[in-house]
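Got your viewer open? Here's a short walk through this structure, one selection at a time.

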Amino acid sequence: MICSIKQSTITPTINGSDTIFRRKNMSAIQRSLILPSLNANKSKPVLSMSKPLHVSKVESFELSKPQKRTLITCKAYEADRSEPIEASEVKSEAAKRVKIGIYFATWWALNVVFNIYNKKVLNAFPYPWLTSTLSLACGSLMMMISWATRIAEAPNTDFEFWKTLFPVAVAHTIGHVAATVSMSKVAVSFTHIIKSGEPAFSVLVSRFLLGETFPPSVYMSLVPIIGGCALAAVTELNFNMIGFMGAMISNLAFVFRNIFSKRGMKGKSVSGMNYYACLSILSLFILTPFAIAVEGPQMWAAGWQTALSQIGPNFIWWLAAQSVFYHLYNQVSYMSLNEISPLTFSIGNTMKRISVIVSSIIIFHTPVQPINALGAAIAILGTFLYSQAKQ
């Protein structure tokens, strides 16, 4: 076997019949080629094979100080049996892209289903505070069962974790309730058109409260966002001020949620799935007393009887579906954050709003004027431009 390793170029040539081991000096740094089945017995060949080897990668690294030697590791593969390491890395990258695509498709589909059932429930049972509470309760129960049965690994948390999570949960609770209140008063499409203006709130809060500065392109991208949302609001046939303000408050709350998340979760080793589960549990404890104070059991009981008499048993299915799908779509979105950049996530969020707006208009036969559709398109386009400029 012939092996030639030059320190400057590191281009070995291998022919499988001899041993590979050269020493410049017994007291100097030793170099060796690590191959399978390397034995100290010189009577047996170190490597014996009838097929040529192709060197795919050579790595040089140092061992611990007591040994004081440098190893050069040579990775090889048979010409007709396997593939080089570079090809496997390409396949790994392709598999990651497929995984992200599955996350996005699942995220959008679950979000569309949630919005449809959520609107059906709110049309028959106009109590957004209880509806929001049930959504959080369902997700919390699902995750606690998963942890108890070891379907999912329980997070390792401490008091400091929950302390930093608390402001995130407060902002999440406000944003969730405000969005649900908005959808109980106006069409789903209108709520999501207004919520597409969230980047404008993000820039304004970051600029005036946090002192961050942005390039001019970011500020310019806010023009179509604000203009499109305003045009859609003015031309909305079923405009309602409570619905409009609910969507605006939701935007502001979610901006603060994102800011608190970035500040509080640095250095925390909790997965996206478990992080959202903990967020749901804490939000549930925050929201429940306020829901009881604002609406109360008496209103819920009367509304429940009315909904059952009008819809029948299907109402229970609608309520369960909107609660389950709310948790699932949020969970998948947080899982996506572990795999993609913020820019990709922002683009995915923009495309999600398009799918929700279009599907809700088709399913609920929402009347849309051409000027209203134009305003929605401009706002969504501005959101996309913002994603590009922000990066």
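One bit of vocabulary before we start: two helices count as roughly antiparallel if the angle between them is over 145 degrees. Keep that handy for a later stop. Also bear in mind that you're looking at a predicted model.

**Stop 1: the whole chain.** Show everything as a cartoon. The chain holds twelve helices and six strands. Of its 391 residues, 44% are buried. Now think about who touches whom: take the contacts between residues at least 6 apart in sequence, and 78% of them join residues at least 24 apart.

**Stop 2: the annotated stretches.** The unreviewed UniProt entry lists several pieces as "transmembrane region", among them 129-148 and 370-387. Select residues 129-148: you'll get 100% helix and 0% strand, with the end C-alpha atoms 29 Å apart. Next, pick residues 370-387. Here, too, the chain is 100% helix and 0% strand, and 26 Å lies between the end C-alpha atoms.

**Stop 3: a helix pair.** Color α6 (residues 216-234) and α12 (residues 370-390). How do their axes meet? They come within 7 Å and cross at roughly 160°. That's where the vocabulary pays off: the crossing angle is roughly 160° and the cut-off is 145 degrees, so α6 and α12 are roughly antiparallel to each other. The crossing of α6 past α12 is left-handed.

**Stop 4: the contact itself.** Stay on this pair and show side chains. What kinds of residues make up the contact of α6 with α12? You'll find 15 nonpolar residues, seven polar and one charged.

Definitions and conventions:
Residues numbered from 1 in each chain as written. Predicted model: local features only at pLDDT ≥ 70, side-chain atom pairs only at ≥ 80, totals over all residues. Heavy atoms only, no water. Axes fitted to C-alpha atoms, helices over the stretch in contact; angles between N-to-C directions. Helix = DSSP H or I, 4+ residues; strand = E, 2+ residues; numbered from the N terminus. Parallel < 35°, antiparallel > 145°, perpendicular 65-115°, else oblique. Left-handed = near helix turned anticlockwise from the far one by under 90°. Nonpolar A, V, L, I, M, F, W, Y, C, P; charged D, E, K, R; others polar. UniProt positions renumbered as here; feature names shortened; annotations may be inferred. Buried < 20%, exposed > 50% of the residue type's maximum accessible area, 1.4 Å probe, protein only. Contact = heavy atoms within 4.5 Å.
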